[in-house]
Amino acid sequence: MSEKKKFHIEYEIRSSPRILYSFISEANGLMQWFADSVSVRDQVYTFIWDDEEQQAKLLLTKENKLVRFKWIDDEPQCYFEMEVVQDELTNDVALAITDFAAEETIAERKLIWDNQIDYLISVLGA
């Protein structure tokens, strides 16, 4: 298996940082756009899609700003991060995603993020 590479994508989202943060950090918020079901216990988030379960440990959180998760069964250096970015001049809000994937699957992984974020935007009504 090829080594995973870090990639970064950013999406403009018309939302307040506080509201957007609740959608990326809380189980109820994540269930509305990221996974079919989400539960949290001892900093471990259990995500379920189509009856398939995956667990991720919450590595880092900065209120109204950032969450970083690591899939339990992934390589040690890999994580995925969702960061709320607000432009100081325009106050525009964006969601920056950092993730890891094998070189040959980065395009596919970006497409998955595109679809998920489109769904998030529709849920937010942004």
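Q: At 15% relative accessibility, does Ser 15 count as buried or exposed?
A: Relative accessibility is read against cut-offs, and a residue under 20% is called buried. In this predicted model, Ser 15 has a relative accessibility of 15%, so Ser 15 counts as buried.

Q: Where does Ser 15 lie, and which residues does Ser 15 touch, not counting those up to four places away in sequence?
A: A residue is best placed by its element and then by its contacts. Ser 15 belongs to the loop that joins β1 and α1; once residues up to four places away in sequence are set aside, Ser 15 touches Leu 20, Val 93 and Leu 124.

Q: How many helices and strands are there in the chain, and in what order do the elements run from the N terminus on?
A: The chain contains three helices and seven strands. Read from the N terminus on, these elements follow the order β-α-α-β-β-β-β-β-β-α.

Q: At what angle do helix α1 and helix α3 pack?
A: A helix pair is described by the angle between the two axes and by how far apart the axes are. Helix α1, residues 17-25, packs with helix α3, residues 106-124, at about 125 degrees, and their axes are 12 Å apart. This angle makes α1 oblique to α3, and the crossing in which α1 passes α3 is right-handed.

Q: Which residues in α1 meet which residues in α3?
A: From α1 come Ile 19, Leu 20 and Phe 23, which meet Leu 120, Val 123 and Leu 124 of α3. Sorted by class, the contact of α1 with α3 has six nonpolar residues, with no polar and no charged ones.

Q: What does the relative accessibility of Lys 5 say about it, and where is Lys 5 found?
A: Between the cut-offs of 20% for buried and 50% for exposed, a residue is called partly exposed. Lys 5 is found in strand β1, residues 4-12, and because its relative accessibility is 38%, Lys 5 counts as partly exposed. Beyond its neighbours within four places in sequence, Lys 5 is in contact with Asp 99, Phe 100, Ala 101, Glu 103 and Ile 106. As for Met 82, which is 77 residues from Lys 5 along the chain, the C-alpha atoms of the two are separated by 17 Å.

Q: What sign does phi have in Asp 51 and in Asn 91?
A: Most residues other than glycine have a negative phi. Asp 51 is not a glycine, yet its phi is positive, at about 65 degrees; Asn 91, also not a glycine, has a positive phi of about 65 degrees. Asp 51 sits in the loop between β3 (44-49) and β4 (52-62), and with a relative accessible area of 78% Asp 51 is exposed. Asn 91 sits in the loop between β6 (80-86) and β7 (93-102), and with a relative accessible area of 49% Asn 91 is partly exposed.

Q: What radius of gyration does the chain have, and what would a compact globule of 126 residues have?
A: A radius of gyration can be set beside the value that a compact globule would have. For 126 residues that value is near 14 Å, and the chain has 14 Å, so the two agree. Along its principal axes, the C-alpha trace of the chain spans about 45 × 30 × 25 Å. Of the 126 residues in the chain, 43% are buried. Among contacts with a separation of 6 or more, 47% are made by residues 24 or more positions apart.

Key:
Residues numbered from 1 in each chain as written. Predicted model: local features only at pLDDT ≥ 70, side-chain atom pairs only at ≥ 80, totals over all residues. Heavy atoms only, no water. Axes fitted to C-alpha atoms, helices over the stretch in contact; angles between N-to-C directions. Helix = DSSP H or I, 4+ residues; strand = E, 2+ residues; numbered from the N terminus. Parallel < 35°, antiparallel > 145°, perpendicular 65-115°, else oblique. Left-handed = near helix turned anticlockwise from the far one by under 90°. Contact = heavy atoms within 4.5 Å. Nonpolar A, V, L, I, M, F, W, Y, C, P; charged D, E, K, R; others polar. Rg over C-alpha atoms; globule rule 2.2 N^0.38 Å. Buried < 20%, exposed > 50% of the residue type's maximum accessible area, 1.4 Å probe, protein only.
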